[in-house]
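Hi there,

Here is the structure I promised to pass on. Have a look at it first, and then read my notes below.

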Amino acid sequence: MPADDSSNIHCRLDELLEARGMTLTELSRQVGVSLVNLSVLKNDRAKAIRFSTLTAICNALDCEVGDLLVIPPHA
């Protein structure tokens, strides 16, 4: 199967931030990831994510990877 740039993975960052009453700016400060890079992730435009970044985000949001990244049913 040829690789392409699209992914069926959806990032639920917006929903998790809202549920925790946290802003993207606050998360950026807590995890040490730029606002721009978090926005790319939040808007499902990221092509990759480092495990260290994923771990930091999950720790800051007190969630599991599966809470943050999901594959929608129609994918």
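**Helix α4 and its surroundings**

Let me start with α4, where Thr53, Leu54, Ile57, Cys58 and Leu61 are buried. Their directions span an arc of only 130° around the axis, so they sit on the same side of α4. Please keep in mind that this is a predicted model.

What do the buried residues of α4 pack against? Their partners are α1, α2, α3, α5 and β2, the last of these being residues 69-70. The face of α4 turned away from that buried side carries the exposed residues Phe51, Ser52 and Asn59.

Two of the buried residues of α4 turn up again when you look at Val65, which is found in helix α5 (residues 65-68). Leaving aside neighbours within four places in sequence, Val65 is in contact with Leu54 and Cys58. Val65 itself has 40% relative accessibility, so this residue counts as partly exposed. If you would like a distance to check, Val65 and His10 are 12 Å apart in space, C-alpha to C-alpha, and 55 residues apart in sequence.

**Helix α2**

Helix α2 (residues 24-31) also has a buried side: Leu24, Leu27, Ser28 and Val31 are buried there. The arc that they cover around the axis is only 105°, which puts them on the same side of α2. The cover over these buried residues includes α1 (13-20), α3 (35-42) and α4 (51-61). After α2 comes Gly32, with a positive phi near 70°.

**Backbone angles worth a look**

Most residues other than glycine have a negative phi. Which residues other than glycine have a positive value here? Asp44 is one of them, with phi near 60°, and Asp62 is another, with phi near 50°.

Asp44 lies in the loop between α3 and α4. Its relative accessibility is 37%, so Asp44 counts as partly exposed. Asp62 follows α4 and has its place in the loop between α4 and α5. At 67% relative accessibility, over the 50% cut-off, Asp62 counts as exposed.

**The chain as a whole**

Stepping back, the protein has five helices and two strands. Read from the N terminus, the order of the elements is β-α-α-α-α-α-β. The radius of gyration is 12 Å, close to the 11 Å that the globule rule gives for 75 residues, so the protein is as compact as a globular protein of that length. Along the principal axes, the C-alpha trace spans about 40 × 25 × 20 Å.

How much of the protein is buried? Of its 75 residues, 25% count as buried. The accessible surface comes to about 5300 Å², and carbon and sulfur atoms make up 51% of that surface.

For the contact map, take the contacts in the protein with a separation of 6 or more: 60% of them are between residues 24 or more positions apart. As for the charges, there are 7 positive and 10 negative ones, and the mean positions of the two groups are 7 Å apart.

If you open the model with α4 in view, you can follow its buried side to α1, α2, α3, α5 and β2, and then move on to Asp62 in the loop between α4 and α5.

Happy browsing, and all the best!

Note on methods
Residues numbered from 1 in each chain as written. Predicted model: local features only at pLDDT ≥ 70, side-chain atom pairs only at ≥ 80, totals over all residues. Heavy atoms only, no water. Helix = DSSP H or I, 4+ residues; strand = E, 2+ residues; numbered from the N terminus. Rg over C-alpha atoms; globule rule 2.2 N^0.38 Å. Buried < 20%, exposed > 50% of the residue type's maximum accessible area, 1.4 Å probe, protein only. Contact = heavy atoms within 4.5 Å. Areas by Shrake-Rupley, 256 points an atom, 1.4 Å probe, with all protein chains shown as cover. Lys, Arg positive; Asp, Glu negative; His and termini not counted. Charge placed at Lys NZ, Arg CZ, Asp CG, Glu CD. Arc of directions from axis to C-beta.
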